[in-house]
Amino acid sequence: MGINTTITTTLILFTATLLLYFSTVAIATDSCASQSDYSGIIVIPIYGNCSPFKNLSDSWDTTIIDMASKDPLRVEYLFGLDASLRKKRVSAAPIASGQAFDIGNYVVRVKLGTPAQLFFMVLDTSTDEAWVPCSGCTGCSSSTTYSPQASTSYGGAVACYAPRCAQARGALPCPYTGSKACIFNQSYAGSTFSATLVQDSLRLAEDTLPSYAFGCVNSVSGGTIPAQGLLGLGRGPLSLVTQSWSLYSGVFSYCLPSFKSFYFSGSLVLGRTGQPRRIRSTPLLRNPRRPSLYYVNLTGVTVGRVQVPLPTEYLAFDPNRGSGTIIDSGTVITRFVQPVYNAIRDEFRNQVKGPFVSIGSFDTCFVKTYETLAPLIKFRFTGLDLTLPYENTLIHSSYGAVACLAMAAVPNNVNSVLNVIANYQQQNLRIMFDTVNNRVGIARELCN
């Protein structure tokens, strides 16, 4: 038994040695085997001799031709890696004239809360706060109201001692007793209202802004306010521009369709993506007396071929007096201080010849047959001339027989030093506001 066991063990060891020897020789002569003393990763051609993907039926030149045929797609992919060329989503919300709501402003669709509550809110570049009628509102004319209780994303009222409350125009001081909610009172278009500053999600286009601060209107007196609320696009801390800064970096533009249009064919574009690449611009000025307004430097007005002689003190931007010219989406027709308007109107009348009558706010109305004599009007800004099309210069009576110059003087009961470029003169123009680079751009765009 001992001898047989020894022989068996010897045969097993001898066989194992032979197997190890031949395996080593095979590895040493196999060009596709990994080297045991090499710590790197072996890289081989995908269709090379050592690749498991090699197609033995194809010749080498056929393989190369097939591989090269895929290069155009590869180059296109590499070209698309340029970050500046990638197609970014444009944040744009549709705009319509306020005809359906019997107002002279433009409205945009806004959704508040979760699930969404839809409002058609007036677009206002000279107001900061947004506000909507709240459920239970006294004196509100709309049956469409915001219900905080119906929203799961409602963040409650802003506290009266919170810094955000102090940013609201007309904010009341904290009461000694009772509610600690932030309450503010404001006047708008001859009306006064009281609202609570609350927070909830606001959706515009495809973007949602969480914890957006806006006014929940509790009571209105002395007239009416925009029925379904207002969206402030001013330059203050509670405006859409500021509250959406992380998304849109202080840049927005709009194109207002013709006031005759009933469709949501205009657009509010938010952020740099989607803005015109080539657009003429003029400096955007800031006036500390009216910090929310968008001031531009109006240097002159041309009627036809005549440069109207205007007293410069009524055009000049003066931060100390708050005077100058603003672009405003909430005023309907352009208003000039009395001496400026009188000079423009008189030159317009001189070229049209008349006779003229007054209709409401318009003091230069004439029979439509004289319309062919109406001259073009050009606004001259620093670095930018804007020639108004006839659609933005003349307004027609309901029967179409009479045309009027669609501009007027500042009302007599307003001690104003402001010239206002209004929404009627902005129809079918892309107006872009860049609050970072302090520029206002204007370009023709048909958005009817």
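An open sheet of four strands, with antiparallel pairing, follows the order β14-β13-β19-β20. Helices (H or I, at least four residues) and strands (E, at least two) are here DSSP runs, numbered from the N terminus, and two strands pair if DSSP finds at least two bridges between them. Its edge strands are β14 (306-307) and β20 (384-388), each of which pairs on one side only.

The model is predicted: local features need pLDDT of at least 70, side-chain atom pairs count only at pLDDT 80 or more, and totals for chains, interfaces and linings use all residues. Residues are numbered from 1 along each chain as its sequence is written, and side-chain values use heavy atoms, with hydrogens and water left out.

## The sheet β14-β13-β19-β20

Strand β13 (residues 298-303) is joined to β14 by two bridges, and these strands run antiparallel. Val-303 stands opposite Val-306 in β14. Helix α7 packs on this sheet and touches β13, β14 and β19 (377-381). The direction of α7 makes about 15 degrees with that of β13; axes are lines fitted to C-alpha atoms, for helices over the stretch in contact, and angles run from 0 to 180 degrees between N-to-C directions. Contact means heavy atoms within 4.5 Å.

Strands β19 and β20 run antiparallel and are joined by five bridges. Arg-380 has Asp-385 as its bridge partner in β20. The two strands form a hairpin with two residues between them, and Gly-383 in the turn has a positive phi of about 75 degrees. Side chains alternate along β20: Leu-384, Leu-386 and Leu-388 point to one face and are buried, whereas Asp-385 and Thr-387 point to the other and are not. Buried means under 20% relative accessible area, exposed over 50%, and partly exposed in between (1.4 Å probe, protein chains only).

## The sheet β17-β18-β22-β21

Another open sheet of four strands has the order β17-β18-β22-β21, with antiparallel pairing. β17 (357-359) and β21 (394-396) stand at its edges with a single partner strand each, so one side of each is left without a neighbour in the sheet. Direction ignored, neighbouring strands of this sheet are turned by 45 degrees against each other on average.

Within this sheet, three bridges join β18 (residues 362-367) to β22 (residues 402-405), and the two strands run antiparallel. Val-402 in β22 is the bridge partner of Val-367. Helix α7 (residues 338-352) packs on this sheet, touching β18, β21 and β22, and its direction makes about 10 degrees with that of β18. Helix α7 thus packs on both sheets.

## Three loop residues

The following table lists residues in loops, with their relative accessibility.

| Residue | Loop | Relative accessibility |
|---|---|---|
| Ser-292 | between β11 (280-283) and β12 (295-296) | 15%, buried |
| Ile-279 | between β10 (266-270) and β11 | 21%, partly exposed |
| Asn-392 | between β20 and β21 | 0%, buried |

The contacts given next do not count residues up to four places away in sequence. Ser-292 touches Thr-125, Asp-128, Gly-234, Arg-235 and Gly-236. Asn-392, in the loop between β20 and β21, touches Tyr-424, Gln-425, Gln-426, Gln-427 and Leu-429. Ile-279 touches Arg-430, Met-432, Gly-441, Ile-442 and Ala-443. The C-alpha atoms of Ile-279 and Val-440 are separated by 9.4 Å, while the two residues are 161 residues apart along the chain.

## The largest pocket

The largest pocket holds about 1,100 Å³ of space. On a 1 Å grid over the protein atoms alone, a pocket is an open set of points where a 1.4 Å probe fits, with protein on both sides within 12 Å along at least five of seven lines; lining residues have an atom within 4 Å of a point. Grid points are joined across faces, edges and corners, and the volume is the space filled by probe spheres set on the points.

The lining comprises 38 residues, of which Asp-124, Ser-126, Tyr-188, Asp-328 and Thr-331 lie nearest the centre of the pocket. The elements giving two or more residues to this lining are β5 (183-188) and β24 (418-421). The lining residues divide into 17 nonpolar, 13 polar and eight charged. In this count Ala, Val, Leu, Ile, Met, Phe, Trp, Tyr, Cys and Pro are nonpolar, Asp, Glu, Lys and Arg are charged, and the others, Gly among them, are polar.

## The chain as a whole

The chain has seven helices and 26 strands. Of its 448 residues, 42% are buried. Among contacts with a separation of 6 or more, 66% are between residues 24 or more positions apart.
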